[in-house]
Amino acid sequence: MKSIDYRTNRHACYLLKYHLVVITRYRRPVLIGDLKTRLLAIISELFEKQWKCKIIEISTDKDYIHVLFEGMPQMQLSKLANNFKTVTSRLLRKEFPEFLAQYYDTDDKPCFWSRSYFICTDSEKSEILIDQYIQNKKTD
């Protein structure tokens, strides 16, 4: 039987896993090359250091990203998702201005990510399926 590694803090014992999916604005195929590499580095920094999450799996294609991660009970998922989109968009537009200059919304505001996102909880049973799904979506 598989041993479950629960997390603890001063007031709780927990195991909270989430699956976050974010797509680029208008599904533009921009998650490639150096930009993709930098995005993955920003995600590691943001999730692990700022939000104190443990990344289990990450997968990207040219127009979307999947992140499977563990979080804490105090974490507000909507704030994490919006912070993720804001920080990554700002840093990538700053570091790749020549590449992303062409991607502006209809009202001349820079937009990198779609306004929406998908997030769901992950149970022990569904983790295997989600992990397999993300592994199958990986591209080089």
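Student: What do strand 4 and strand 5 form, and how many residues lie between them?

Tutor: Strand 4 and strand 5 form a hairpin, with 3 residues between them. Strand 4 covers residues 54-60, and strand 5 covers residues 64-71. The model is predicted, so local features need pLDDT of at least 70 and side-chain atom pairs count only at pLDDT 80 or more, whereas totals for chains, interfaces and linings use all residues. Residues are numbered from 1 along each chain as its sequence is written, and side-chain values use heavy atoms, with hydrogens and water left out.

Student: Why are these segments called strands?

Tutor: The name follows DSSP: strands are E runs of at least two residues, helices are H or I runs of at least four residues, and both are numbered from the N terminus.

Student: How do you know that strand 4 and strand 5 pair?

Tutor: Two strands pair if DSSP finds at least two bridges between them. Strand 4 and strand 5 share 6 bridges in the antiparallel sense, so the requirement is met. One example is I58, whose bridge partner in strand 5 is V67.

Student: Which other strands pair with strand 3, and over how many bridges?

Tutor: Strand 3 (residues 16-23) pairs with strand 5 over 8 bridges, in the antiparallel sense. Strand 3 is also joined to strand 6 (residues 118-122) by 5 bridges, again antiparallel. L20 illustrates both contacts: its bridge partner is V67 in strand 5 and I119 in strand 6. Elsewhere, K17 stands opposite E70 of strand 5, and V21 stands opposite H66 of strand 5.

Student: What makes strand 4 and strand 6 edge strands?

Tutor: The open sheet has 4 strands in the order 4-5-3-6, with antiparallel pairing. Strand 4 and strand 6 each have a single partner strand, so one side of each is left without a neighbour in the sheet. From one strand to the next, the twist averages 15°.

Student: What makes helix 1 a helix that packs on the sheet?

Tutor: Helix 1 (residues 33-50) touches strand 3, strand 4 and strand 5, where contact means heavy atoms within 4.5 Å. The direction of helix 1 makes about 160° with that of strand 4. Such angles run from 0 to 180 degrees between N-to-C directions, with axes being lines fitted to C-alpha atoms, for helices over the stretch in contact. Helix 2 (residues 77-95) lies across strand 3, strand 5 and strand 6, at about 40° to strand 3.

Student: Why is E70 called buried or exposed?

Tutor: Buried means under 20% relative accessible area, exposed means over 50%, and partly exposed lies in between (1.4 Å probe, protein chains only). E70 has a relative accessible area of 8%, so E70 is buried. In strand 5, 8 of its 8 residues are buried. Y64, H66, L68 and E70 point one way, while I65, V67, F69 and G71 point the other way. In strand 3, 6 of its 8 residues are buried.

Student: How do you know that R7 and E70 form a salt bridge?

Tutor: A salt bridge is a side-chain nitrogen of Lys or Arg within 4 Å of a carboxyl oxygen of Asp or Glu. For R7 and E70 the N to O value is 2.8 Å, so the pair qualifies. R7 lies in strand 1 (residues 7-8) and E70 in strand 5, so the pair ties together parts that are 63 residues apart in sequence. R7 is partly exposed, at 27% relative accessibility.

Student: Which other salt bridges are there among the structure's 4?

Tutor: Among them is R38 with E95, at 2.7 Å, N to O. R38 lies in helix 1 and E95 in helix 2, so the pair ties together parts that are 57 residues apart in sequence. R38 is partly exposed at 30%, and E95 is partly exposed at 35%. Another is E45 with K49, whose closest N and O atoms are 3.7 Å apart. E45 and K49 both lie in helix 1, 4 residues apart, about one turn of the helix. K49 is exposed at 54%, whereas E45 is partly exposed at 44%.

Student: How many disulfides are there, and what rule decides the count?

Tutor: A disulfide is a pair of cysteine sulfur atoms within 2.5 Å. The count by this rule is 0. The cysteines include C53, which is buried at 5% relative accessibility, and C120, which is partly exposed at 23%.
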